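The exercises below are meant to be worked with the sequence and the model open side by side. Each task is followed by a solution that goes step by step.

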Amino acid sequence: MSFFSWLANGLGTLLGVVADAVTTVVDSVRRAYDAYVGRGGAVQQAVADESRSKKERLREVNDEIMHLRNRSMSRGELADHERRRWQQLREERDELLGALQQAKEVKAAEKILDSESVLEKVEVDLETSHVLQYNAFADTLGKTCQCGRPMKLQWRRELNVAGPRDFYWGCTGWYVQTGRGKACTRTEPLQRSDYGLMTDTSAPEFSVTAEEFGVILEDPGTTNIIATRVNDLRSDLAARRQGVELATCPVHGEHMVLRKKSNSSGLLDAYFLACPHWQPNNEQGCPFIEKLKSGSQLAALLKSETGRGIL
Ligand SMILES: [Zn+2]
Ligand SMILES: [Zn+2]
């Protein structure tokens, strides 16, 4: 079930909120949430605990699928029992992904209900496009392609500060390799309503315009502080062998790992997120990576993982 008649993400932002007042939207989320609790649905710590064990199982399932896939690629074929096992594992993974998706919705609903007093509507335009980029980066809940896979908000990656028209929906089947190439390459333009967000606007990054935000990030003092914080986060996550809370691989459902390039030309070229099954220079790994090429992404990452953005 879904709590939302709108698209949502793990940061507790809703997309497509144009006509409704914030209180109307929050009331509707609260009603759905209360009904879910009334039916005995797991919330708060209980849903977090359930998710943890499902994620552990998901990692095992993915590892075994990767193992079978590599065996099939090196041998050219699999035995019947291996093919059946592969199919079973895929079905189990779909079930786990569905359950984890539900848990993300619960968490997003809780975030919305907790932050009601600072929620505001943002109509995305030239001045506020960084707010959309900030949110585009997190897993989107509720947008599905014709092929049944989730779609992800994308933007033209060569731009540090993308304008409102540079965003589009891309099917996550793009990252699924099949014998005949990418599983799905569908893209869709944003609907007018997609530009209406309801989000926690207390983040200082949102009090400046997209352009001003871009200028702030050119200051060497600021970029040094941000780089230090991202490096600290990376060591901390690596020590705990953890991925980032903000984003998961659309294929494997596991939390993305924060990585640093060995030779980079500056802050906006230094970091990327990769699926735990990604392997450098190896086609057999998962191809899903997310380059961290904008201040909005770094702000969303730091805010989500450490509680404080970059301004
Ligand atoms: Zn698709
Ligand atoms: Zn992956």
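**Exercise 1.** Is Arg-52 buried, partly exposed or exposed?

*Solution.* Begin with the conventions: this is a predicted model, in which local features need pLDDT of at least 70, side-chain atom pairs count only at pLDDT 80 or more, and totals for chains, interfaces and linings use all residues. Residues are numbered from 1 along each chain as its sequence is written, chains are lettered from A and ligands numbered from 1 in the order in which they are written, and side-chain values use heavy atoms, with hydrogens and water left out.

Next, recall the classes, in which buried means under 20% relative accessible area, exposed means over 50%, and partly exposed is in between (1.4 Å probe, protein chains only). Arg-52 has a relative accessibility of 46%, and therefore counts as partly exposed.

**Exercise 2.** With which residue does the side chain of Arg-52 meet in a salt bridge, and where do the two partners lie?

*Solution.* A salt bridge is a side-chain nitrogen of Lys or Arg within 4 Å of a carboxyl oxygen of Asp or Glu. Side chains of opposite charge can pair when their charged atoms come close.

The partner of Arg-52 is Asp-49, with an N to O distance of 3.3 Å. Both residues lie in helix H2, 3 residues apart, which is about one turn of the helix; helices (H or I, at least four residues) and strands (E, at least two) are DSSP runs, numbered from the N terminus. Asp-49 has a relative accessible area of 36% and is therefore partly exposed.

**Exercise 3.** Which parts of the chain does the salt bridge between Glu-92 and Arg-57 tie together?

*Solution.* First take the contact itself, in which the side chains of Glu-92 and Arg-57 meet at 2.7 Å, N to O. Glu-92 lies in helix H3 (residues 80-114) and Arg-57 in helix H2, so the pair ties together parts that are 35 residues apart in sequence. Then check the surroundings: Glu-92, at 24% relative accessibility, counts as partly exposed, and Arg-57 is also assigned to the partly exposed class, at 27%.

The record adds an annotation here, since the unreviewed UniProt entry gives a "coiled-coil region" over residues 51-109; such annotations may be inferred rather than shown by experiment. In the model, residues 51-109 are 93% helix and 0% strand, and the end C-alpha atoms are 16 Å apart.

**Exercise 4.** How many salt bridges does the structure hold, and which residues are joined into one network by bridges that share partners?

*Solution.* The structure holds 19 salt bridges. One of them pairs Lys-261 with Asp-269, the closest N and O atoms being 2.7 Å apart, and Lys-261 is partly exposed, with a relative accessible area of 33%. Asp-27, Arg-30 and Glu-116 are joined into one network by salt bridges that share partners.

**Exercise 5.** Why is helix H4 described as largely enclosed by the rest of the structure?

*Solution.* Helix H4 covers residues 129-136, and 8 of its 8 residues are buried, so the helix is largely enclosed by the rest of the structure. Among the buried residues of H4 are His-130, Gln-133, Tyr-134 and Asn-135.

Burial can also be checked at Trp-6, which lies in the segment before strand E1 (7-9). At 14% relative accessibility, Trp-6 counts as buried. The C-alpha atoms of Trp-6 and Ser-193 are 10.0 Å apart in space, although the two residues are 187 residues apart in sequence.

**Exercise 6.** What value does phi take at Gln-44 and at Arg-241?

*Solution.* For Gln-44, phi is near 45°, a positive value in a residue other than glycine. Gln-44 is found in helix H2 (residues 44-75) and, at 54% relative accessibility, counts as exposed.

For Arg-241, which is not a glycine, phi is positive at about 50°. Arg-241 is found in the loop between helix H6 (220-239) and strand E11 (257-260), and its relative accessibility of 75% places it in the exposed class.
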